[in-house]
Amino acid sequence: MFSFTKNQEIMEISGIKIGGQPGELPTVLFGGLFFKGEPDYQNSKKLLSNMLDLSKKTNIPAIPDFFIKKEEFILKIINFIENNLPKNIPFSIDIIDPDLKIKTLEILGKSKLLNRTIYNSIHVGITDEEQVAIKKYTPEMAIIVAFNPKDKSPDGKIEVLENGANLTELGLLEITKKIGIKKLLIDTAAMAPGDNSGASIAAIPVIKEEYGLPTGCAIHNVVEKSKWLDEFKNAKKSVDASSNINIPLFGGDYAIYGPIEQSDLVFPIIAWQDMLVSEYTEKYFGATPDKSHPRRKFY
Amino acid sequence: MGSSVKTTIIGSYPIDVDRLEQINGYYNQSYISWNKYIKDAVNKQINAGIDVIADGQTRDPFLNIFYRKIKGCRIRDRPEVIDKVEFSGPITIEDQKYVRKIIPKNKKLIGLIAGPYTLTQSCKNLFYKDDKELAFDFAEALKNEAKMLEDHVDMISVDEPFFSVQMPEYAKELISIVTKNISLEKRLHVCGDVSDIIPQLIELPIDVLSHEFKAKPELFDKFIQYDFNQKICLGGVRSDESRIEPVDEIVAHLKKAKKLFEDKIAYISPDCGQRMRTPYEAFQKLKNLVEAKRIVYG
């Protein structure tokens, strides 16, 4: 366990704080909804409610991450957010297609939800049209995915943030600043097993020490793609959930832990891990846990 | 039998990278091969009629291709040297093997190496106390790449653009290290104004001197003042402007060169790498260059 020499920024959205020195703030958990097929809104209400309940019970902040895969889902999902997510909870929109991103931003703007929106994500695939849309409908916060197809090491992830690895005209940090997003989170881009997947964890302290920005990733993706684990059906869910402890252990600030169905396992694991880190970093580095930290709740 | 004068390129060739495909590959956790971009650059050269093909240095700006793979370097906003520079494995070899597979048998292949002095001067040196020591370590690292290239290409080019800014007194030693024991034809490319360093350039252990004669026609008058053994790779179209030179303009340029240098002209190429040109401009320039060469040399 360690502390960074670089001052660590804390970004806040709707009362949820992300970032800081290890042990100061709880790890923020992003749980995914609507990843596959036709969204099941009824069941999702229950899952969402369960996630928020677990968050209260553990003091681990929860942010739902809404996948939007088709244009026809945009309005329905935004209605779902408006009607089912408490007004004080932020959310992220997780969209790959640039045209869908643009359409969703416009609707979020008209629905006055942008101040609770985390834009997931900015990356080397960003288009000019997308940049124009973000300038017009600026979300409160964005996740920058530090994916560099040319170099998947921690250095490569810094390169893409700095200069876009010559794939984009500017570095991703500069693009984000230029389009008006002030609050940002760095995602260290977990790769497939065998494709330098460990670098996404190793990059967390490297990036935090370099920039002092809140950093995390979706390390669970590596577990999901570890086909050899299919032979161990009983263990796979636990491995998936527990993979997330790597993030606070390496000084990270948030985890995108996959399907919201995993919440029951992930929240207690992360609360436990956060307390482990906090106990030591408070004693050794003087990192006082925030009043929202699970340690304040349990002991 | 074709003319003994061949057309070639200096190194880089522009391509359009499908960035969305790259990011979709990340989301699907699938590997997206770069070979299609190399193939695109190579096919454009073949379609334009170029005789000696290069891989097009599509992966990165040409220096970064080397910084990325040489131990001791890393790329931040600028490339940095943070540890002892050493060869840590093939840099361009896999791409050359791929190009060899996809080019017709009657085409030759040129392997490209960034020069040790240019690599030294284009990075932030955070490790070595002395630039000279760094330059020699780069040369030692590149020597290994050159030796490996020998098995896969027909000719090797060392690109040292920084010589036109500053040519160190140890330039000959550096180039000698890189090209030592290479039996293939060796080209040195130095763009920019080389008029003041011609005496040093012609002393270097290389076979072909490559310079931007189109953007700097004053080089004609400078070079004819010297007696030198090397052949010339003549820059025939500009790489620093988008205007596409018409064939007759290039023909006039080549005729002038032929008259002055006679059989010293061995290759005709663009002045420099074409990375900064659009794919359309780069292709049209090559096509016109090839046609002009055909008119002048057959």
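In what follows, a residue is buried if under 20% of its relative accessible area is left, exposed if over 50%, and partly exposed in between (1.4 Å probe, protein chains only). Helices (H or I, at least four residues) and strands (E, at least two) are DSSP runs, numbered from the N terminus. A quick word on the ground rules: this is a predicted model, where local features need pLDDT of at least 70, side-chain atom pairs count only at pLDDT 80 or more, and totals for chains, interfaces and linings use all residues. Residues are numbered from 1 along each chain as its sequence is written, chains are lettered from A and ligands numbered from 1 in the order in which they are written, and side-chain values use heavy atoms, with hydrogens and water left out.

**Chain A: a strand on the inside**

Let's start with strand β6 (residues 117–122) of chain A. 6 of its 6 residues are buried, so the strand is largely enclosed by the rest of the structure. It has partners too, where pairing takes at least two DSSP bridges between two strands. Strand β5 (residues 91–94) of chain A pairs with β6(A) in the parallel sense over 4 bridges, and A:S92 stands opposite A:I118 there. To get from β5(A) to β6(A), the chain passes through helix α3 (residues 98–110) of chain A, and this β-α-β crossover is right-handed. Right-handed here means that, with the strands pointing away from the viewer, the path from the first strand over the helix to the second runs clockwise.

β6(A) also pairs in the parallel sense with strand β7 (residues 141–145) of chain A, over 4 bridges. In that pair, A:Y119 stands opposite A:A142. Helix α4 (residues 128–136) of chain A joins β6(A) and β7(A) in a right-handed β-α-β unit.

Now for a hairpin in chain A. Strand β1 (residues 10–13) has A:M11 and A:I13 on its covered face, with A:I10 and A:E12 on the uncovered one. 4 bridges tie β1(A) to strand β2 (residues 16–19) of chain A, and the two run antiparallel. A:I13 stands opposite A:I16. The hairpin has 2 residues between its strands, and A:S14 in the turn has a positive phi of about 45°.

**Chain B: a sheet and a helix**

Chain B has an open sheet of 8 strands in the order β1-β11-β10-β9-β8-β7-β5-β2, with parallel pairing. Its edge strands, β1 (6–7) and β2 (52–53), each pair on one side only. Inside the sheet's order, 5 bridges join the parallel strands β10 (residues 231–237) and β11 (residues 265–270) of chain B.

Helix α7 (residues 171–179) of chain B has several buried residues, among them B:L174, B:I175 and B:V178. The buried residues of α7(B) pack (contact means heavy atoms within 4.5 Å) against elements of chain B including α6 (131–149) and β8 (185–189). After α7(B) comes B:N181, with a positive phi near 65°.

**Empty space**

A cavity is a set of points, on a 1 Å grid over the protein atoms alone, where a 1.4 Å probe fits but cannot get out; lining residues have an atom within 4 Å of a point. Points are joined across faces, edges and corners, and a volume is the space filled by probe spheres set on the points. The count comes to 2 cavities of 30 Å³ or more.

| Cavity | Volume | Lining residues |
|---|---|---|
| Largest | about 110 Å³ | 5 nonpolar, 8 polar, 2 charged |
| Second largest | about 80 Å³ | 4 nonpolar, 4 polar, 3 charged |

Ala, Val, Leu, Ile, Met, Phe, Trp, Tyr, Cys and Pro count as nonpolar, Asp, Glu, Lys and Arg as charged, and the others, Gly among them, as polar. Residues lining the second largest cavity include B:I38, B:D55 and B:R59.

Note on methods: On a 1 Å grid over the protein atoms alone, a cavity is a set of points where a 1.4 Å probe fits but cannot get out, and a pocket is an open set with protein on both sides within 12 Å along at least five of seven lines; lining residues have an atom within 4 Å of a point.
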